[in-house]
Amino acid sequence: MKFLLDNNLSPRLIPLLAALGHSVEHVRDHSMHTAPDDLVLAMARERGQVLISADTDFGTLLARSGAAEPSVILIRRSRSRRPDELASLLRANLEQVADDLNAGSVVVVTDTDLRVRRLPIPPGRG
């Protein structure tokens, strides 16, 4: 799978996900660390990447636009966001949501829960 990491996640997550066989880039790789969320979302869409972020604004943007892509993984953790812990959390859940991500979805990953909402999100359900 191809991933784009948002600026709120450490670039140290790149080699950990790459070791699992994924293609991973960070917004900083493209000098977009200060770019507005809509531009980050557009870049992920254009590059065919799944955006991984801790910023819930991306779900709102997708709901408002009615877009069917890109897929977004939202990390909602109450505990640490250390790269090794996030990589373990993603490794434990990616296989079961791979089809959803390929079809276009917002996947919310928490310490204890996994929620999937297929895109496009109907109006009023963001």
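**View 1. Serine 53 faces leucine 74 of strand 4 in this predicted model****.** The bridges between strand 3 and strand 4 number 3, and the pairing is parallel. Helix 3 joins the picture here: strand 3, helix 3 and strand 4 form a β-α-β unit that is right-handed. Strand 3 spans 50–53. Helix 3 covers 57–65, and strand 4 covers 72–76.

**View 2. Strand 4 also pairs with strand 5****.** These two strands run parallel and share 5 bridges. One contact point to look for is valine 72, whose bridge partner in strand 5 is valine 106. Strand 4 is mostly covered, with 4 of its 5 residues buried.

**View 3. Proline 70 follows a cis peptide bond****.** The bond joins glutamate 69 to proline 70, and its omega is about 0 degrees. Proline 70 lies in the loop that runs between helix 3 and strand 4. Most peptide bonds are trans.

**View 4. A cis bond links leucine 119 to proline 120****.** Omega is near -5 degrees here. Proline 120 sits in the segment after strand 6, which spans 114–118.

**View 5. Helix 4 is kinked at valine 97****.** The kink is about 65 degrees and is centred on this residue. The helix runs over residues 83–103. Valine 97 is among its buried residues, which also include Leu86, Leu90, Asn93, Leu94 and Leu101. An α-helix has 3.6 residues a turn, so residues three or four places apart point the same way. The buried residues of helix 4 pack against helix 1 (13–18) and against several strands: strand 1 (2–5), strand 3, strand 4, strand 5 and strand 6.

**View 6. Aspartate 100 is a buried residue of helix 4****.** Its relative accessible area is 16%, so aspartate 100 falls under the 20% cut-off for buried. Leaving aside residues up to four places away in sequence, aspartate 100 touches Ser71, Ser105, Val116 and Arg118. Just after helix 4 comes glycine 104, with a positive phi of about 105 degrees.

**View 7. Serine 31 has a positive phi****.** The value is near 55 degrees, and the residue is not glycine. Most residues other than glycine have a negative phi. Serine 31 belongs to the loop between strand 2 (23–26) and helix 2 (37–47). Its relative accessibility is 58%, over the 50% cut-off, so serine 31 counts as exposed.

How values were computed: Residues are numbered from 1 along each chain as its sequence is written. This is a predicted model: local features need pLDDT of at least 70, side-chain atom pairs count only at pLDDT 80 or more; totals for chains, interfaces and linings use all residues. Side-chain values use heavy atoms; hydrogens and water are left out. Buried means under 20% relative accessible area, exposed over 50%, partly exposed in between (1.4 Å probe, protein chains only). Contact means heavy atoms within 4.5 Å. The bend at a residue is the angle between axes fitted to the seven residues ending there and the seven starting there. Two strands pair if DSSP finds at least two bridges between them. A crossover is right-handed if, with the strands pointing away from the viewer, the path from the first strand over the helix to the second runs clockwise.
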